[in-house]
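Visitor: Hey, can you walk me through this one? I'd like plain answers, and I'll jump around a bit.

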Amino acid sequence: TSILGGDGSSSDDRPTLADFRGSGEIVSDRPAPGGTSIEDLPDLEGELSIYLGGGEGGRYTTLIDLLNQYYDDFEASAQTQPSSQLANVIVDEHESGTTQADVFWSVDAGSLAYVADNDATRDLSSDATSMVADDRFVTDQWAGVAGRSRAVPYNTNQFSASEIPTSVDGIATDDQFTGSLGWAPTYGAFHGFVTAMRQLRGDDGTREWLNNMLDQSPARYDSEYATVSQGITNGEVGLGLTNHYYPILVFASNPDAPLDLAFTENDAGALVNTAGASVLDGAGDPDLAELFVRHLLSAEAQEFLATRGFAFPMIEGVEPVGPLPTIDELSPPDIDLQSLSDVQPTIELLEDVGILS
Amino acid sequence: MADSELTTDAAVEPDRDGPTDAADAVLELDGVTKEYGSETAVTDLSLSVRDGELLTLLGPSGCGKTTTLRMLAGLERPSDGVISLADEEVAGPSTFVEAQSRGVGIVFQDFALFPHLSVRENVAFGLTDRDGDAADERVDELLDLVDMPGMGDRSPDQLSGGQQQRVALARSLAPEPDILLLDEPFSNLDVRLRVEMREEVRRILKEAGVTAVSVTHDQEEALSISDRVAVLNDGRLEQVGDPEAVFEHPESRFVASFLGQAGFLSARVGSDTVDTSIGSYDRTLLKGLADGYAGAMVDVLVRPDDLRAVPDNEANANGTIVRRQYTGPSFIYHVELDNGDVVRCLHNHAEDMTVGEPVTVDLVADHSLAWYPKQG
Amino acid sequence: MADSELTTDAAVEPDRDGPTDAADAVLELDGVTKEYGSETAVTDLSLSVRDGELLTLLGPSGCGKTTTLRMLAGLERPSDGVISLADEEVAGPSTFVEAQSRGVGIVFQDFALFPHLSVRENVAFGLTDRDGDAADERVDELLDLVDMPGMGDRSPDQLSGGQQQRVALARSLAPEPDILLLDEPFSNLDVRLRVEMREEVRRILKEAGVTAVSVTHDQEEALSISDRVAVLNDGRLEQVGDPEAVFEHPESRFVASFLGQAGFLSARVGSDTVDTSIGSYDRTLLKGLADGYAGAMVDVLVRPDDLRAVPDNEANANGTIVRRQYTGPSFIYHVELDNGDVVRCLHNHAEDMTVGEPVTVDLVADHSLAWYPKQG
Amino acid sequence: MAARERLARLRTAVGGDDEPGLSLAVLAGAVAAFVSLPLLGLLVRASNYGFGHLVGLLTETGSLDVLVNSLVLVFWVTLGCVLVGVPLAVLTVQTDLPGRRFWTVVAALPLVVPSYIGAFTFVSAFGPQGDLADALAPLGVERIPAIYGLHGTALVLILFTYPYVFLTTRAALLSFDGTLVEAARTLNHSRWEAFKRVTVPQILPGVTAGALLAALYALSDFGTPSIMRYEVFTQQIYVAQRSLGVPEGYPALLSMQLLAVVAVVLALEARIGEGDASYVSRGSRQPGQITLGAWKWPALAFCASVATLALGVPLGVLAWWFEQAGQAVFEFEPVVAWNSLRVAAAAALAASLLALPVAGYAARSTSLFSTLTDRLTYVGYAIPGVVVALALLYLSTEFAQSLYKTVPLLVFAYVVRFLPQAVGTVRSSVLQVDPKLTEAARTLGRSPTGAFRNVTLPLIAPGVAAGAALVFLTTMKELPATLMLSPIGFETLVSYIWLVRGAGSYGAAAIPALVLVGVSALSMVVILAQERYNG
Ligand SMILES: Nc1ncnc2c1ncn2[C@@H]1O[C@H](COP(=O)(O)OP(=O)(O)OP(=O)(O)O)[C@@H](O)[C@H]1O
Ligand SMILES: Nc1ncnc2c1ncn2[C@@H]1O[C@H](COP(=O)(O)OP(=O)(O)OP(=O)(O)O)[C@@H](O)[C@H]1O
Ligand SMILES: [Mg+2]
Ligand SMILES: [Mg+2]
């Protein structure tokens, strides 16, 4: 199913770079992507089942469709569910020997790590892992395909760039934000953020930060997209804590939105997480599955993820879109993404503090 | 039979008894017609009911009795014609007063008890303007009346057919409506209870001055409790009048045969005599026979008590017993006469004749007889 | 009244008519009781119905007639006792044969027509073993029988009450059941149709050799079409026998007063005479009076045709007319005697007495009379 | 007289003292056991975690607040659904409202709008900075009433669940004996009084059946309260089951708490709806139509405003987003709609068939066992869809791997979740069939099965159709179980909507959402056509 078709479909029914790439201003003066082109990779052949974890899966299915179109003898089908839920399912399936899918493609590293920790994945060969530029975003078990950062989107009518603190503590303690904060505490990405904070400052420090936040009486949204699109864009709140691409999504459909985003420095608020893929233990054709992962790291696919998913690309030679800084320009905390799978104590903490009850 | 006066040419052209005494009529139907699709249930019915009287609608099954009552109650809108209550038009081409505003009570042929309410609650349903105690008292009174004290707490499904009918009656009497419509209110009751209740109901109606229209298929009931009787046939009014008048002077062959177990004797009118298969009689036997009829064939109305059969030998007999019907106080013998007419003869228990026995039937009537031009 | 033979001490202890002719009984109830919670609808009923006969259950409203039929049909399970059909036990402590396996047809008191089927389809419902044409023919035949040809395509809610009842009857007759149960099958029909239909039904039943149990509250109907009559009172069997026997020889005061418009004369039994408020008569007037009764107070059964009233002056009169009831062929005068007894006198139209008029009531019975020990 | 007592007596009167055949009991029991399988799975999972933790859960901070929140929400939603659903049912059944067929379909349709989509669109339209506020701002309206919190949540849930009450009330009204209203009117009761004193008590079982469904829906829904910022019970369960490394059985254990509340709600309904429609007689006469006269206008305005809020707003907002999204060119594959239609039809059919024995038994028997079988079917409905799906995943991996993630399992999940919708409506219709009719059929030589087929079934057809409609409509929009149990690659309208919405393409959701409503509307027309006998 193609959801967001490209605008430059070629007469040849093989999709071209233009088909992979997004459209509009954002891509107008982008250079051709570097890295390994699909053309240089072995052909995909056969049927493949993918568990697609994450809300923005809609974009990812378009990429899968493009690959399906690209190869006559290749047919991948996907099922999308929230990534952590899917991680649980994969582990259960692995334990009972009913594995359904060949590839797990998830929007967050925590889920990938959780599945890997439970021995439900196969090792990737270096053909795949070596394509990822930055070691932080790859392990033996999974390869990052699209980076995403925590960010602080804010309403430009309410705050100016200089007023945004560079630390999450500033957000939690500064009186000027009382009553104008928005967050989505039931959302998986938020749990990843708090888990990172727990790693960085321990449970007690995290508890203190959470309590401070509660004193700011933040408005609670159902999702981070809603936090941005309903909350900040409409001015219900002035500032929020979300993943970086939600504001850009809003921009994409509403370029006049009074919206900008800031990044904190060296704390959980600047966590850089990654979407990634792994080959599941029990996959029917592991080679095909790994080849598929390599395709996700191809120049065309990375260009797709950068221009249509507004992600930080994982390979050399592809830059993030326009206004975004590169990963190097961010100041993420030093943290092992594998540790993001330790979500359960986070939930308990949130419940204990009274944010989730 | 001193007072019997028979109608005559009424038979030829029964005259419709339109609104009689408009003055004290509280309920009037004028040219009322009711159609259901292509089916006409009531045709051009004009009738008026006088203040305080009990009028009974009599007629064969399906003749439009229930339909008429439903129109009076405001549950059905006439297709044509006008209905007035106390000189006020309640249904007409442009007016229609709803049932609840007519002050008309009705006892439904199929009871229509409220299944979710107890017997007491059913009876009390219409007593909205009385307070608790007064209502309770009234309910007790009515339950006594219908001979069901102590059954107040049952639900309608725990009652027998007759008991349900009695509750329906009590429910409609409770709020003392100005006009009460009763659709076969006693049909499921045994004779004794029926006689008791109808007299009781009549007493109540009379005491309260209630005007009532009832429907019954029980001729005896109609004749014994009604002030007037209206006979309907196939949606049309055949005759209306007081019970004795209607029974004794039926204006049409239909009325005659519908009331009582009428039989007809074929007769030829001679110049001086009337010749029937059971004998020749003087022309005066036939009431009001005009001269012109000489030579005509007529049917003479004979009721069971006008005839008597005596066993006879085959040669002399003029008929044969075809059925013997026991009614308790008497027997009715059905006799097929030699010419094929079947007549009935009423006998008190004395004689004992059997089916198949040849008999001689004799006319024992001491009054002149109604007659109708030969049918078919 | 040649054949009248009155019972005597039967009055003192009516003997139950148990299974009479077990030999040709196709249907037997033995000690059947039915309780609904604390309510006992039928008590210890024993009765047998002979092959091919038409037995009628008579009794006041709520006495258990419908309940009895429902137990026979297999729709209700007796609380106690045994029911057998053709010598096979169909309901007992441990057996219960379901309704559909009993071959028993029933006409319900409230019709129970299938509202989603047309008249034709209702009638054809039980004709599962006939093919289309044969079934169609049979349906036509039955619709003719109930005088409703041409109404086959209507739905039940487009029928009048009596028409519905006729369809119910046709439906139950269609499959020619071995045993047919009829619960007040004619209650909503007019006299003429009722008489016609009951004779027709009787003819059909007899021709097909169907055994039938019917319920009626119409005493005349019961007496005229039944082979035997069973009188129930308050769940108990009072008397069973052929119509004449039951009417003429009521075994209990209840039966006597239930059938016919019975009145009772209070009487004191002397050594040679019986003294009543309308005169003293020879002791032989009371049938089978034993010697011991001298000095006892008894109630003597007098039916309307046993008495006659004549206008008299205040001084000589022994009663006063309290109600005059017109029944068509005759009047019944209700007379309150000086001692407070109310009796009824039957008169053919001749006399014309009015309410309040003093009269002398005379005994004109030419047969001895039944009597019952004084009540209360 | 207590209703139960009355009921018991009636049943002895009509059905004999003997309970309905053993085979029916066995069949009903089997169905109940079948659909309780997930409950069993749940219990096993919860016990893996340990019931001992239950006490701890109950005493946790805020637990009580959230419990109270949930109950308050359930109360308002139930009340609101009755206040909207019953008048609509009366208007479309008993009055001369112009365009009754049209309004009937329109009034039932909001049931297909997934409530979370409804909530989104409401926030978008009526939020503090929403489109309405924008539109009103130039007019000097500074603040519009806050949409968030209890009233917003209740409003949205009412708008998308009142059709439960509407459909069940409608079925009850259609089989109501009109002569009774006539009787009341001739006893000097205005139509309104007659409605209160005669109609209401008799349609009450139908109303409570619908209200129960609405109440349990409100209790088990997560999306709407979460979007409308109202904290309720289900939140914990959702978070728990969507988190990594949750101890096995923890979400199941959390659901146990919910089950306790469900039990209370079921018991409550049993008290109010007791007696059921048992003593309602199916009338041969429809109650005369109420002539609205000048009331026609307010009545039309009422219908129109409900339709505007419950259909116009969500579809309008979606269409507006679609318009805004402009640039998104995408193909909509009809197979997605076909998939939805297929599984929904299969679920509706299966649920109707399974509902017959359960409903028939519950209607004709007073035994504890019958009550139990009937109530057991409600459990699957009251548990959030994810939990049912989890339990089924668990059960199938343990015991029936060949069924794991197959369409039959998915349909089974729908049946588990929505069976009570069919049971409720079928049960009240069975109760409305005069038992004398079955008796008549039996004395005419039909076996109980034959009598059922030829007499009962045609008479309960409207109820069965209404039940099937409910199951169909709710299956069309079911999300959690669909996501979790579909085979990979099997997409339906809602999973598609979920997908594109997740991609931030709200506009792209408009087309499938419109298709969802359109397909459902067509099927509603077909289902309602079944009511021919009741006209
Ligand atoms: N379900 C029930 N619960 C309690 N009592 C009942 C029930 N059904 C019938 N009865 C009572 O049992 C008695 C017998 O009822 P049944 O219907 O057999 O009377 P019936 O002789 O047919 O009377 P009718 O001539 O009025 O129809 C009545 O007093 C009735 O009230
Ligand atoms: N809804 C209807 N549609 C068509 N015909 C109808 C309808 N209701 C009644 N009829 C017909 O109208 C005629 C009169 O019906 P009505 O009920 O008034 O008869 P009735 O005199 O009360 O008869 P009964 O003594 O049998 O109750 C009947 O022939 C009946 O079939
Ligand atoms: Mg009638
Ligand atoms: Mg009865």
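Guide: Sure, starting with a definition: helices (H or I, at least four residues) and strands (E, at least two) are DSSP runs, numbered from the N terminus. This is a predicted model, where local features need pLDDT of at least 70, side-chain atom pairs count only at pLDDT 80 or more, and totals for chains, interfaces and linings use all residues. Residues are numbered from 1 along each chain as its sequence is written, chains are lettered from A and ligands numbered from 1 in the order in which they are written, and side-chain values use heavy atoms, with hydrogens and water left out.

Visitor: Cool. How many helices and strands are there in chain B?

Guide: Chain B has eight helices and 20 strands.

Visitor: And chain D?

Guide: Chain D comes to 24 helices and zero strands.

Visitor: What share of each chain is buried?

Guide: In chain B, 61% of the 376 residues are buried, and in chain D the figure is 65% of 535 residues. Buried means under 20% relative accessible area, exposed means over 50%, and partly exposed is in between (1.4 Å probe, protein chains only).

Visitor: What about the accessible surface of chain B?

Guide: About 13900 Å², with 44% belonging to carbon and sulfur atoms. For chain D, about 18100 Å² is exposed, and carbon and sulfur atoms supply 68% of that. The areas come from the Shrake-Rupley method with a 1.4 Å probe; for residues, only the protein chains shown count as cover.

Visitor: How much of the contact map is long-range in sequence?

Guide: Take contacts in chain B with a separation of 6 or more: residues 24 or more positions apart account for 65% of them. In chain D, among contacts between residues at least 6 apart in sequence, 85% join residues at least 24 apart. A contact here is heavy atoms within 4.5 Å.

Visitor: Back to B. What domains does the assignment give chain B?

Guide: Domain 1 covers 3–103 + 177–258, and domain 2 covers 263–373. Those bounds come from an automatic or database domain assignment. Taken over C-alpha atoms, the centres of the two domains of chain B are 33 Å apart. The C-alpha atoms of chain B fill a box of roughly 75 × 45 × 40 Å along the principal axes.

Visitor: How many charged side chains does chain B have?

Guide: There are 31 positive and 70 negative ones, and the centres of the two sets lie 3 Å apart. Lys and Arg count as positive and Asp and Glu as negative, while His and the chain ends are not counted. Each charge is placed at NZ of Lys, CZ of Arg, CG of Asp or CD of Glu.

Visitor: On to the metals. What coordinates the magnesium ion that is ligand 3?

Guide: B:Thr66 through OG1 and B:Gln109 through OE1, at 1.9 to 2.2 Å. The two sit 43 residues apart, with B:Thr66 in helix 1 (residues 65–73) and B:Gln109 in the loop between strand 6 (104–107) and helix 2 (119–124) of chain B. Donors are N, O and S atoms within 2.8 Å of the metal (3.2 Å for Na, K and Ca); water is not among the atoms, so sites may look incomplete.

Visitor: Are those two residues buried or exposed?

Guide: B:Gln109 is buried at 16% relative accessible area, whereas B:Thr66 is partly exposed at 23%.

Visitor: And which residues coordinate ligand 4?

Guide: That magnesium ion is coordinated by C:Thr66 (OG1) and C:Gln109 (OE1), at 1.9 to 2.3 Å. C:Thr66 is partly exposed at 26%, and C:Gln109 is buried at 15%.

Visitor: What else is in that loop of chain C, between strand 6 and helix 2?

Guide: C:Ser118 is found there. Not counting residues up to four places away in sequence, C:Ser118 touches C:Gly152, C:Asp153, C:Arg154 and C:Ser155.

Visitor: New topic, backbone oddities. Which phi values stand out?

Guide: Most residues other than glycine have a negative phi. B:Asp147 has a positive phi near 65°, and B:Glu176 has a positive one near 45°. B:Asp147 lies in the loop between helix 3 (132–145) and helix 4 (161–173) of chain B, and B:Glu176 is in the loop between helix 4 and strand 7 (179–183).

Visitor: How accessible are B:Asp147 and B:Glu176?

Guide: B:Asp147 is partly exposed at 46%, and B:Glu176 counts as partly exposed at 45%.
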